[in-house]
Amino acid sequence: MLDDGKDFGLTPRHSFETSSRIPTRSFPHAPRRVAAVILITAVLMILFLQLRSESETGEPKSPEVAGFMRVAHSPIFIYSDSGFTEENGTTGGSGSAEDPFVISGWTINVSWGEGIFIYGTTKSFVIRDVLIDSEDGGFSWDRYGVRVEGAKNGRVENCSFSGVAGSGVHFRDCENVMIDGNHFTNCTWSAWARECTNVTIVGNEVTKCPAMGIGIGACSNCNISHNEVWDCGPDAVGFSLWGMENATVYSNNASYISQIGMTIDLSSHVRVTRNSVICTEYWGLQFSRFGNSTFADNIVANTCYWYWLSTGGNCTYYHNDFINSSDYSRSFLSAPDEWDLGYPQGGNYWSNYIGSDDFSGPDQDIPGPDGIGDIPIVIDDEHNLDHYPLMSRCAPLAPPNASLQTEDDTGNITTQFTFDAWNSTDDEDPVVWLDARWDWQGDGIWDTDWTREKTVTHQFQSPGQYNVTVQIRDDDGLTSTTSVRVTVHEVEIPEFNAVLPLILSIMAVFVVELQFRKRP
Ligand SMILES: [Ca+2]
Ligand SMILES: [Ca+2]
Ligand SMILES: [Ca+2]
């Protein structure tokens with residue numbers, strides 16, 4: 001009863017499969033049929049192996065990791081121009097201004113001394129994309145991430161420093177110094193230059209710093225711009241600037257600092273403009289022996305105090321916003337300062353000003369308001385008055401600047417798209433304080449709640465083009481929005497693998513069999 005299978009409820013789909021018929025019908029053609037099957041299978045297997053080989057040796061299947069892999073390296077010590085060698089971690093360059101020596105791509109752990117120490121060199125060099133870390137943090141005077149002394153034309157850019165119990169980057173007695181675009185986390189004194197000329201410290205980010213964010217000591221021709229220091233303590237000064245002659249301090253941000261936002265001591269011919277000092281637990285500003293300088297268009301907000309101590313005089317303070325700070329004082333003055341630009345340009349905005357604005361004109365005696373308080377604000381005595389205090393803020397709170405990137409703008413319905421909004425910025429708030437929410441389709445309906453996380457993944461359910469949109473919100477509730485367009489395809493044909501040739505081979509066998517069966 002097993003010969004036709006019917007007793008088991010099975011009906012053979014092809015009668016030629018019954019064993020009783022195969023010998024008589026197929027035997028005369030068997031060699032040709034077997035040969036044909038072997039041939040087809042062989043061709044398919046060769047095709048499969050060839051494709052597999054190409055996929056393994058050709059373009060990598062997975063996308064390259066963003067950036068590059070750093071390689072562990074022991075600490076690097078260079079004591080002369082001839083020390084820029086491969087053994088010392090130098091990866092390129094000739095030492096000229098156009099083609100500096102490059103030390104790049106390393107991870108260096110600092111357990112004592114320096115991660116990189118360069119002394120007495122004159123050739124141009126750049127330390128780039130190096131990660132220097134230390135496990136312990138804390139305080140140590142003789143620990144350095146990068147230490148450069150008595151050298152010229154050195155640059156540290158796009159490096160990361162973490163947990164260095166001492167100085168992250170320290171230049172001393174150097175000419176032409178550049179500290180550019182680095183990240184510092186939990187480094188005791190993050191970045192500083194002492195006794196140097198031509199110093200540029202720009203675009204660095206400092207956080208969790210226990211003592212000092214950005215520092216200058218006895219340097220001339222300095223440019224300190226676009227640096228952010230935030231969330232630092234317990235004994236932190238955001239910007240500690242001492243002994244500067246001829247300097248620009250522009251568009252820096254110090255926020256959520258435990259002690260002092262910015263100190264400037266013994267300095268002259270400094271332009272301090274468009275900086276913000278926000279939310280310090282103690283002093284916002286501490287200026288002493290600060291003379292012949294300009295302090296304009298800055299925001300000092302939510303600090304306990306701001307004060308000027310023993311000023312050098314002859315400074316001009318104008319168009320600053322002094323907001324929600326409980327006290328200010330000025331003492332031991334050597335010379336008066338200017339606190340306004342005259343009428344009608346005016347002076348500064350003081351949030352604690354209690355005067356009114358009913359009159360206008362240089363003497364504030366013409367009926368009608370003009371946006372300037374009718375009575376001067378006395379800083380400390382009759383020589384230091386803001387004659388024209390402003391009734392409203394000079395610098396309106398700036399909305400954030402949303403930024404959005406994606407590694408892949410094309411994929412299919414199985415793709416996990418990654419979106420990154422960490423390059424968003426805000427004049428007042430560090431990026432970690434900015435909120436983000438997401439709209440996957442760009443249909444105006446937000447698909448997530450507000451979150452401080454700014455790297456997200458999303459998988460689209462159906463093919464199409466999507467304007468993925470992120471909205472960034474700052475601490476003041478101001479927002480900005482940006483989008484990227486992604487294209488989502490149907491799921492792609494599975495890769496040519498072992499299953500496909502097997503299926504094709506089986507089909508081929510049946511096709512060949514059928515052809516032979518049809519022949520008389
Ligand atoms: Ca007025
Ligand atoms: Ca803002
Ligand atoms: Ca939506």
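**Exercise 1. Strand β12 and its neighbours**

Find out how strand β9 (residues 143-149) and β12 are joined in this predicted model, and which way they run. Then work out what β12 does with strand β15.

*Solution.*
Step 1. Start with β9 and β12: they run parallel, and 5 bridges join them.
Step 2. Pick out one pair to see this in the model. V148 has F171 of β12 as its bridge partner.
Step 3. Now go to β15 (residues 189-194). This strand is joined to β12 by 5 bridges, and the two run parallel.
Step 4. Look at F171 again: opposite this residue stands A193 in β15. So you can follow a path from V148 to F171 and on to A193.
Step 5. Check how covered β12 (residues 167-172) is. Of its 6 residues, 5 are buried, which makes the strand mostly covered.

**Exercise 2. The nonpolar cores**

Which residues of the largest nonpolar core touch the most other members, and which strand gives the core its largest share?

*Solution.*
Step 1. The largest nonpolar core has 89 residues, and I127, A193, C209, I216 and V229 touch the most other members. You've already met A193, opposite F171.
Step 2. For the largest share, look at strand β23 (residues 276-291), which supplies 7 residues.
Step 3. Zoom in on I216. Leaving out residues up to four places away in sequence, the residues touched by I216 are W192, A193, V199, C222, I224, L241, W242 and M244.
Step 4. Don't stop there: another core of 17 residues lies apart from the largest one, and its members include L404, A421, L434 and V468.

**Exercise 3. Two open sheets**

Put the strands of the 3-strand open sheet in order, then do the same for the open sheet with 4 strands.

*Solution.*
Step 1. The 3-strand sheet goes β34-β36-β38, with antiparallel pairing.
Step 2. Its edge strands, each pairing on one side only, are β34 (405-406) and β38 (455-458).
Step 3. Between β36 (residues 417-420) and β38 there are 4 bridges, in the antiparallel sense. One pair to look for is F417 with its bridge partner H458 in β38.
Step 4. The 4-strand sheet goes β35-β40-β39-β37, and here the pairing is mixed.
Step 5. At its edges stand β35 (410-412) and β37 (435-439); each has a single partner strand, so one side of each has no neighbour in the sheet. From one strand to the next, the twist averages 35°.
Step 6. Take β37 and β39 (residues 464-473) as a sample: they run antiparallel and 5 bridges join them. Across this pair, D435 stands opposite R473 in β39.

**Exercise 4. Unusual backbone spots**

Where in the chain do the cis peptide bonds from G233 to P234 and between Y343 and P344 fall? Then place S251, a residue with positive phi, and decide whether S251 is buried, partly exposed or exposed.

*Solution.*
Step 1. The G233 to P234 bond is cis, with omega near 10°. P234 sits in the loop between β19 (228-232) and β20 (237-250).
Step 2. For the bond joining Y343 and P344, omega is about 5°. P344 belongs to the loop between β28 (327-331) and β29 (349-350).
Step 3. S251 isn't a glycine, yet its phi is about 55°. You'll find S251 in the loop between β20 and β21 (253-257).
Step 4. Count C-beta neighbours inside 10 Å: S251 has 18. Buried needs 20 or more and exposed needs 12 or fewer, with partly exposed in between. So S251 counts as partly exposed.
Step 5. Try the same with Q364, where phi is near 50°. Q364 lies in the loop between β30 (359-360) and β31 (366-367). Because 19 other C-beta atoms lie within 10 Å, Q364 is partly exposed too.

**Exercise 5. How far to trust the model**

What is the mean pLDDT of the protein chain, and how does pLDDT behave over residues 1-28 and residues 48-67?

*Solution.*
Step 1. The mean pLDDT is 83, and 78% of the residues reach 70 or more.
Step 2. Over residues 1-28 pLDDT stays under 50, and the model has 14 contacts beyond four places in sequence for them.
Step 3. Residues 48-67 also stay under 50, with 8 such contacts.
Step 4. Where pLDDT is low, don't read the predicted coordinates in detail.

How values were computed: Residues are numbered from 1 along each chain as its sequence is written. Chains are lettered from A and ligands numbered from 1 in the order in which they are written. This is a predicted model: local features need pLDDT of at least 70, side-chain atom pairs count only at pLDDT 80 or more; totals for chains, interfaces and linings use all residues. A nonpolar core is a set of buried Ala, Val, Leu, Ile, Met, Phe, Trp, Tyr and Cys residues joined through C-beta atoms within 7 Å. Two residues are in contact if their C-beta atoms, placed from the backbone, lie within 7 Å. pLDDT is the predictor's confidence in each residue, from 0 to 100. Two strands pair if DSSP finds at least two bridges between them. Axes are lines fitted to C-alpha atoms, for helices over the stretch in contact, and angles run from 0 to 180 degrees between N-to-C directions.
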